[in-house]
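Reader: I'm new to this one and would like a relaxed tour. Could you show me the structure, so I can ask about it?

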Amino acid sequence: MVSLNFIHPPDFKNITRNKKIEIIPIPKKVILPLSQHAGAPSEPVVNAGDSVKTGSLIAQAKGFISSNLHSSISGKVIAIEESSHPVIGSSRAIIIESDGQDIKTYLDSVPAKDILGLSKEEIMTLIKEAGIVGLGGAAFPLSVKLSPPPAKKINSLIINGAECEPFLTCDHRLMLEKPKEIILGAQLIAKVLGVKDITIGIEENKLNAIESLNSASFRLKAEELKVKVVRLKTRYPQGGEKQLIKTLLNKEVPSGGLPLDIGIVVNNAQTVFAVYEAVYLRKPLYERVITISGSFSNIAKNILVRIGTPIKDVLDYCGLSPKLDIYKIVMGGPMTGVAQCNLNAPIIKGTSGILVMDKRCKLEGEELECIRCSRCIEACPAGLMPCMIGLSAKKEKFDIASSYDPFDCIECGSCSFVCPSNIPLVQLIKLAKLKIKRQ
Ligand code: SF4
Ligand code: SF4
């Protein structure tokens, strides 16, 4: 059951919300993991020694749920080997050394004159070829999300501009700086799905983004297409697909189901921007906007970065000094992000930010016994009993854990955040899911 349980952690977005997107220099080398999307790893179509341009296809989707991968710089492939990965530890990757020229391949292709005259099949082909995945974090291949089985009719498209994770402001800046492109991208997706209604949900801590998308949608009005920008209360985790659907349309995705089961598709604002670029500019997905933030405001920025850039290069550009008293570096937001131990790992398609934290972010006190306070239950947006799943997993009673619907957990971290006993509930729930899957 999707509940409307939300929490209100401090958002810390004031650190970067007024910082314009900066384009950072092209890295000397990129590491492009073959696994940076949900589904099967892509299959290399280049070999060590090959020359590539920015935007060249370097690995092809393998199977239905997979994604193409493109070079994010021009230069030479120096290796295809196991390399550091920011989420799964390590993965095979294509490593490319820059020639310093950034020669772009996609500029050779001539965009169609009448983009709105493209058929939905032509738009889908461009989206698929561009290797677009969900840029809100899940990295699910977009072409798959836009291909519901024929029996499932899609009626509504939601553009997710909630960006509810504390610290992150990359989507906010993009909505402010590229509203026209986001509306045009949304119109393309609506055409593919055959829907007439687009709802854009934005939290009220981004009032200027609501204004900018409202005025862009008014200027770009398309016949028979209704675009509504909705102001949402600021609360966490409102950006979860199921939570956003419940808030905006008061509809519920069934347990174990997907939004398309109830005729809805949800796409993140930055993903929609990538669709605009793929169709209007013929540009594959090889760069994205991310937020650098955390405890040190002097290095905080919103940046446009090439996918595959090592985290270390990004932080060096932002001015990270070895003198800073760093406790932890996290990829993503503080609620759902992944701590990094190797700064040679690259920015990948699903990276929304890098947080550099000092020791103030350490949990206060050690883990204690559960006091049955039920705060985790009250906070869970999926209507689960996190204590029962987590504590069963801790005792390795995975059969008991499985009876509390752990697969409905969206791993938002709200339960861990509110637990007065500092029990790492979300980690225990992730462990339970892993063990149950393997059973
Ligand atoms: S992480 Fe915790 S609060 Fe969030 S959905 Fe999962 S069980 Fe519920
Ligand atoms: S919030 Fe923590 S202490 Fe309270 S019931 Fe849940 S697990 Fe137990």
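Reader: Are the side chains that meet in the salt bridge of K283 and E277 buried or exposed?
Author: This is a predicted model, and in it the side chains of K283 and E277 meet in a salt bridge, 3.3 Å from N to O. Buried here means under 20% relative accessible area. K283 and E277 both fall in that class: they are buried.

Reader: Which residues are linked with K283 and E277 in a network of salt bridges?
Author: The K283 and E277 pair, at 3.3 Å, isn't on its own. Both belong to a network of salt bridges, and the other members are D102, K104, E287 and R306.

Reader: How many salt bridges does the count come to?
Author: A pair counts when a side-chain nitrogen of Lys or Arg is within 4 Å of a carboxyl oxygen of Asp or Glu. K145 and E241 pass, with their closest N and O atoms 2.6 Å apart. By this rule the count comes to 18.

Reader: How many residues apart in sequence are the parts that K145 and E241 tie together?
Author: The two form a salt bridge. K145 sits in helix 2 (residues 142-145) and E241 in helix 6 (residues 241-249), so the parts they tie together are separated in sequence by 96 residues.

Reader: And what about K226 and D197, which strands do they lie in?
Author: Their side chains meet in a salt bridge, 3.5 Å from N to O. K226 counts as exposed because its relative accessibility is 54%, while D197, at 29%, is partly exposed. The pair ties together parts 29 residues apart in sequence, since K226 lies in strand 11 and D197 in strand 10.

Reader: Which strands stand at the edges of the open sheet in the order 3-5-6?
Author: Three strands make up this sheet, with antiparallel pairing. Two of them have a single partner strand each, so one side of each is left without a neighbour in the sheet: these are strand 3 and strand 6.

Reader: Which residue stands opposite E43?
Author: Strand 3 pairs with strand 5 (residues 57-60) in the antiparallel sense, over two bridges. Opposite E43, in strand 5, stands Q60.

Reader: Where does F64 lie, and which residues form a nonpolar patch with it?
Author: F64 is in the loop between strand 5 and strand 6, and it counts as exposed because its relative accessibility is 57%. The surface patch has about 280 Å² of accessible area together, and F64's partners in it are I65 and F140.

Reader: Which helices give two or more residues to the shell around ligand 1?
Author: The residues around ligand 1 include C412, S414, C415, V426 and I429. By class, the shell has nine nonpolar, two polar and one charged residues. The elements giving two or more are helix 12 (414-418) and helix 13 (425-438).

Note on methods:
Residues numbered from 1 in each chain as written. Chains lettered and ligands numbered in written order. Predicted model: local features only at pLDDT ≥ 70, side-chain atom pairs only at ≥ 80, totals over all residues. Heavy atoms only, no water. Pairing = 2+ DSSP bridges. Helix = DSSP H or I, 4+ residues; strand = E, 2+ residues; numbered from the N terminus. Patch = residues over 30% accessible without salt bridge, like charges linked within 9 Å, V, L, I, M, F, W, Y side chains within 5 Å. Areas by Shrake-Rupley, 256 points an atom, 1.4 Å probe, with all protein chains shown as cover. Buried < 20%, exposed > 50% of the residue type's maximum accessible area, 1.4 Å probe, protein only. Near = heavy atom within 4 Å. Nonpolar A, V, L, I, M, F, W, Y, C, P; charged D, E, K, R; others polar.
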